[in-house]
Each structure stands twice: as C-alpha cells, then as structure tokens.
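Here is a guided walk through one protein model, written for someone who would rather think at the bench than scroll through coordinates. Have the sequence and the 3D view open as you read.

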Amino acid sequence: MIPVLYEANEVNFNHNGLGLLSDVIYCEVEEENNESYELELAYPVSSFLYDEIKGNRWIKAKSNDRFEPQLFRIYYVSRPLNGKIIVKAEHVSYKLKDNFVESLNYTGDCQGALNALNSNAAFPTGFSFYSDITMTSNFNVDKKNFWKSIKGESGSIVDTYGNGADIVRNNFNVSVV
C-alpha cells in the first residue's frame, strides 16, 4: 500500500487526503509488544507532496497483515539530506497520552475497567476498548495519564489484570487480551 498523507485536523480517513506518497523510498512500521508503535519513512525532496509533509499531519500506512492500514501522526521531519527527508510518526493510539484521569476506583473485570477509564477521562477519547480478560480485580487510578493507566506500569490495567496481557491497537480500537 502506498502511504497517504492527511491534514492535521482530518477526521475522515476514507479518502486520499492530501495525496498518495507514491515516491516513498521506504516506509517501515515497528511495533513492540505493549510499547512503541511507530512509522519511519524516507521521501525525496523533489517529489509531489514534499512541501506538505509537516508535523502533526497524519499518514495512513499498512503496518501488518492483521489489520487495515493504520494512522500515524508525524512528530519529526528531518532537514533535507542527500535529496531526501526522514519522517517519523507515532500510532494514533498515542493520542491517549494527551488525556488524563483524575480519579477512578473500580472493581470488576478488565472490560469494565476499560469502560470506566474511558468514561472518566478528562476529554472524550474517541476510542473503543475491548478485553477478553474475565478476571475480577480492583483497579484504581489517581491523577494519571490515560495511556499509562492502560500500558503496563505498576497499577495499570495490564498490571492489574494479569502479566502477559497484550495491548492490540487497530486505529481507534484498543484491546487488552
């Protein structure tokens, strides 16, 4: 799939946005289990859309064989070197780092904890959450970043509902399985 570039404020990704990055030299996505999920690409400075590649814009690209193309927000564009730029972007799920949960005390299964976390976010997340973990536990959050509440540090959902739980990210769908 040829990566597609979108405006920073785009909400509908079912079209070709600003255009196809058809001259891309390489486009690689790296996803580490429950950790980073990032895209890196190289693009010629003489190509169509070079001037449109800017921070906070979106790139839609195929990242694996399991899911549809994924959305990545540009956070770094290098200076031109040897006729190309290097672009780095992080998965749309990183938007959850910009949200916050003041306080939450929940007892129940992981799906309920994810729903409670989503309901108690400072701002609407726009994400859907799913879990197949049925274990019941106490989950507490006190003044914590939304993503860190899920991700796996002490007291997070991954920590509370079992070691070995995987976070699966598919655009605006986040699962803990």
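The report below goes from the sheet to the cores, then to a helix, the aromatic rings and the cysteines.

Before anything else, please keep in mind that this is a predicted model.

**The sheet**

Let's begin with the open sheet of seven strands, which run in the order β2-β1-β5-β6-β7-β4-β3 with antiparallel pairing. Its edges are β2 (19-20) and β3 (26-31), each of which pairs on one side only. Strands of a sheet pair through backbone hydrogen bonds, either parallel or antiparallel.

Strand β7 is a good place to look around. Its residues 84-91 pair with residues 37-44 of β4 in the antiparallel sense, over seven bridges. On its other pairing, β7 meets β6 in the antiparallel sense over five bridges. Which residues stand opposite glutamate 90 of β7? One of them is glutamate 38, and another is arginine 73. Elsewhere along β7, isoleucine 85 stands opposite tyrosine 43. Strand β7 is also mostly covered, with six of its eight residues buried.

**The turn between β6 and β7**

The hairpin of β6 and β7 has six residues between the strands, and asparagine 82 takes a positive phi near 55° there. Serine 78 also belongs to this loop, which follows β6 (70-77) and leads to β7. Is serine 78 buried or exposed? Serine 78 has a relative accessible area of 13%, and because that is under the 20% cut-off, serine 78 counts as buried. A polar atom of its side chain lies 2.8 Å from the backbone nitrogen of isoleucine 86. Beyond its neighbours within four places in sequence, serine 78 is in contact with Ile85 and Ile86.

**Two nonpolar cores**

The largest nonpolar core has 30 residues, and those with the most contacts inside it are Leu117, Phe129, Phe139, Phe146, Ile150, Ile157 and Val176. Several elements each supply at least two residues of this core: β1 (4-6), β8 (100-108), α1 (110-119), β10 (137-145), α2 (146-151), α3 (157-160) and β12 (173-176). Helix α1 gives the most, with five residues. Apart from this core lies another, of 16 residues, among them Leu21, Tyr43, Ile53 and Val87.

Phenylalanine 139 gives a good view of the surroundings in the largest core. Leaving aside its neighbours within four places in sequence, phenylalanine 139 is in contact with residues including Leu104, Tyr106, Ala113, Leu117, Ile157 and Tyr161.

**Helix α1**

Why is α1 described as largely enclosed by the rest of the structure? Because seven of its ten residues are buried. The buried residues are Cys110, Gln111, Gly112, Ala113, Leu114, Ala116 and Leu117. They pack against β8, β9 (128-131), β10, α2, α3 and β12.

**Aromatic rings**

The structure holds six aromatic pairs. A pair of aromatic rings is described by the distance of the centres and the angle of the planes. Two of the pairs are set out here.

| Pair | Arrangement | Centre to centre | Between the planes |
|---|---|---|---|
| Tyrosine 6 and phenylalanine 13 | edge-to-face | 4.9 Å | 80° |
| Phenylalanine 129 and phenylalanine 146 | tilted | 5.7 Å | 40° |

Tyrosine 6 is buried, with a relative accessible area of 0%, and phenylalanine 13 is buried too, at 9%. The pair of phenylalanine 129 and phenylalanine 146 links distant parts of the chain, since phenylalanine 129 sits in strand β9 and phenylalanine 146 in helix α2, 17 residues apart. Both phenylalanine 129 and phenylalanine 146 are buried. They also belong to one aromatic cluster, formed by Phe127, Phe129, Phe146 and Phe172.

**Cysteines**

How many disulfides does the structure hold? The number is zero. A disulfide is a covalent bond between the sulfur atoms of two cysteines. As for the exposure of individual cysteines, cysteine 27 is partly exposed, with a relative accessible area of 29%, whereas cysteine 110 is buried, with a relative accessible area of 0%.

Conventions: Residues are numbered from 1 along each chain as its sequence is written. This is a predicted model: local features need pLDDT of at least 70, side-chain atom pairs count only at pLDDT 80 or more; totals for chains, interfaces and linings use all residues. Side-chain values use heavy atoms; hydrogens and water are left out. Two strands pair if DSSP finds at least two bridges between them. Helices (H or I, at least four residues) and strands (E, at least two) are DSSP runs, numbered from the N terminus. A nonpolar core is a set of buried Ala, Val, Leu, Ile, Met, Phe, Trp, Tyr and Cys residues joined through side-chain atoms within 4.5 Å. Buried means under 20% relative accessible area, exposed over 50%, partly exposed in between (1.4 Å probe, protein chains only). Contact means heavy atoms within 4.5 Å. A disulfide is a pair of cysteine sulfur atoms within 2.5 Å. A polar contact is a pair of N or O atoms within 3.5 Å; within protein, one must be able to donate a hydrogen and the other to accept it, and residues adjacent in sequence count only if both atoms are side-chain atoms. Rings of Phe, Tyr and Trp (its six-membered ring) pair if their centres lie within 6.5 Å; planes under 30 degrees apart count as stacked, over 60 as edge-to-face and the rest as tilted.
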